[in-house]
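Please examine the sequence and the structure shown below before reading further. The paragraphs that follow lead through the fold step by step.

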Amino acid sequence: MNRSAVHVMIVDDEDLIREGLRRIVDGFDGTRAVAACTGSEALGEAVRHRPDVVLLDVRMPDRDGLSVLADLRALPEPPVVAMLTTFDADEHLSAALRGGAAGFLLKDTAPEQLEYLIKELAAGGSVIAPKVARTVVDGYLRAQGDGFEDRQPTADDRALALELTAREREVLALLAEGLSNTEIAQRLFIGTTTVKDHVSTLLAKLGVTNRVQAAVRAHQLRLVR
């Protein structure tokens with residue numbers, strides 16, 4: 001096997017979606033669909049093929065996507081898991097974030113965007129579709145009992161806010177909306193490399209490890225609306 005390619009496993013209960021995604025992923029440069037299966041088959045296929053990235057349907061009749069996520073995350077070398085949904089208001093999404101999902105994608109994501117997102121996940125990043133970003137963040141905070149809607153900034157919050165530059169605030173706001181580095185660069189008329197530098201700095205300042213956590217932290221601290 002050529003491990004220079006990103007190995008992707010697709011988990012969905014619908015044959016048409018599984019095979020459609022398999023063909024799309026195999027058509028990308030540098031990615032390979034090593035398995036396409038149902039939820040009940042997912043753990044065995046993951047052990048057999050050791051995918052780098054798993055695209056996992058949230059809702060499946062044979063096995064719930066959240067239970068499959070738990071199985072995959074419990075593996076000795078767990079793959080990066082991105083949840084697939086047709087719903088932009090799915091109560092399962094925030095639970096998936098708590099369960100270790102690194103990505104949240106709608107099934108109508110454009111193929112050219114999907115290629116970028118898979119490679120971003122394989123590189124250790126996290127991705128979240130703009131249409132589900134607020135659903136994931138709000139649901140996560142409510143489940144944590146954060147009370148963020150009534151939360152008043154603390155002295156630590158204000159000190160952290162002062163550490164952020166005006167540009168970092170702009171990048172953080174767009175990141176929290178679910179925009180990719182390329183989309184942020186286009187919106188702010190700056191280079192993608194500059195956006196990556198800003199994101200790295202933001203992760204360090206916010207004390208988080210990925211973009212989804214940064215979005216959650218930004219809302220917790222009332223740094224974005």
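Which strands does helix α5 lie across? The model in which this is answered is a predicted one. Helix α5, formed by residues 111–122, lies across β1, β2, β3, β4, β5 and β6. Its direction is at about 120 degrees to that of β3.

These strands form a sheet, which may be considered next. The sheet is open and has 6 strands, placed in the order β2-β1-β3-β4-β5-β6, and the pairing is parallel. At the edges are β2 (31–37) and β6 (127–128), each of which pairs on one side only. In general, the strands of a sheet pair through backbone hydrogen bonds, and the arrangement is either parallel or antiparallel.

Strand β4 is a useful place from which to study the pairing. On one side, β3 (53–57) and β4 run parallel and are joined by 5 bridges. Within this pair, Val53 has Val80 of β4 as its bridge partner, and Leu56 stands opposite Met83. Between the two strands, the chain passes through helix α3 (residues 65–73), and the resulting β-α-β crossover is right-handed. Helix α3 lies across β1 (6–11), β3 and β4, and runs at about 160 degrees to β3. On the other side, β4 is joined to strand β5 (residues 103–106) by 4 bridges, and these two strands also run parallel. Here Leu84 stands opposite Leu105 of β5.

Is strand β4 mostly covered or mostly uncovered? Strand β4 comprises residues 80–85, and 5 of its 6 residues are buried, so that the strand is mostly covered, where buried means under 20% relative accessible area.

The nonpolar cores come next. In soluble globular proteins, nonpolar side chains tend to be buried together. In this model, the largest nonpolar core has 56 residues, and those with the most contacts inside it are Met9, Leu56, Met83 and Phe104. Helix α6 (residues 130–143) supplies the largest share of this core, namely 6 residues. Apart from this core lies another, of 19 residues, which includes Val8, Ile10, Ala102 and Leu121. With residues up to four places away in sequence not counted, Phe104 touches several residues, among them Met83, Leu93, Val132 and Val212.

Two residues in loops deserve separate attention. Arg50 is located in the loop between α2 (42–49) and β3, and its phi is near 45 degrees, a positive value in a residue other than glycine. Is Arg50 buried or exposed? Its relative accessibility is 54%, and Arg50 therefore counts as exposed, the limit being over 50%. Phe189 is found in the loop between α9 (181–188) and α10 (192–206). Phe189 is not a glycine either, yet its phi is positive, at about 60 degrees. With a relative accessible area of 76%, Phe189 is exposed.

Finally, a record may be compared with the model. An unreviewed UniProt entry places the feature "domain: HTH luxR-type" at residues 157–222. Over these residues the chain is 77% helix and 0% strand. The C-alpha atoms at the two ends of this stretch are 8 Å apart.

Key:
Residues are numbered from 1 along each chain as its sequence is written. This is a predicted model: local features need pLDDT of at least 70, side-chain atom pairs count only at pLDDT 80 or more; totals for chains, interfaces and linings use all residues. Side-chain values use heavy atoms; hydrogens and water are left out. Buried means under 20% relative accessible area, exposed over 50%, partly exposed in between (1.4 Å probe, protein chains only). UniProt positions are given in the numbering used here, feature names are shortened, and annotations may be inferred rather than shown by experiment. A nonpolar core is a set of buried Ala, Val, Leu, Ile, Met, Phe, Trp, Tyr and Cys residues joined through side-chain atoms within 4.5 Å. Contact means heavy atoms within 4.5 Å. Two strands pair if DSSP finds at least two bridges between them. A crossover is right-handed if, with the strands pointing away from the viewer, the path from the first strand over the helix to the second runs clockwise. Axes are lines fitted to C-alpha atoms, for helices over the stretch in contact, and angles run from 0 to 180 degrees between N-to-C directions.
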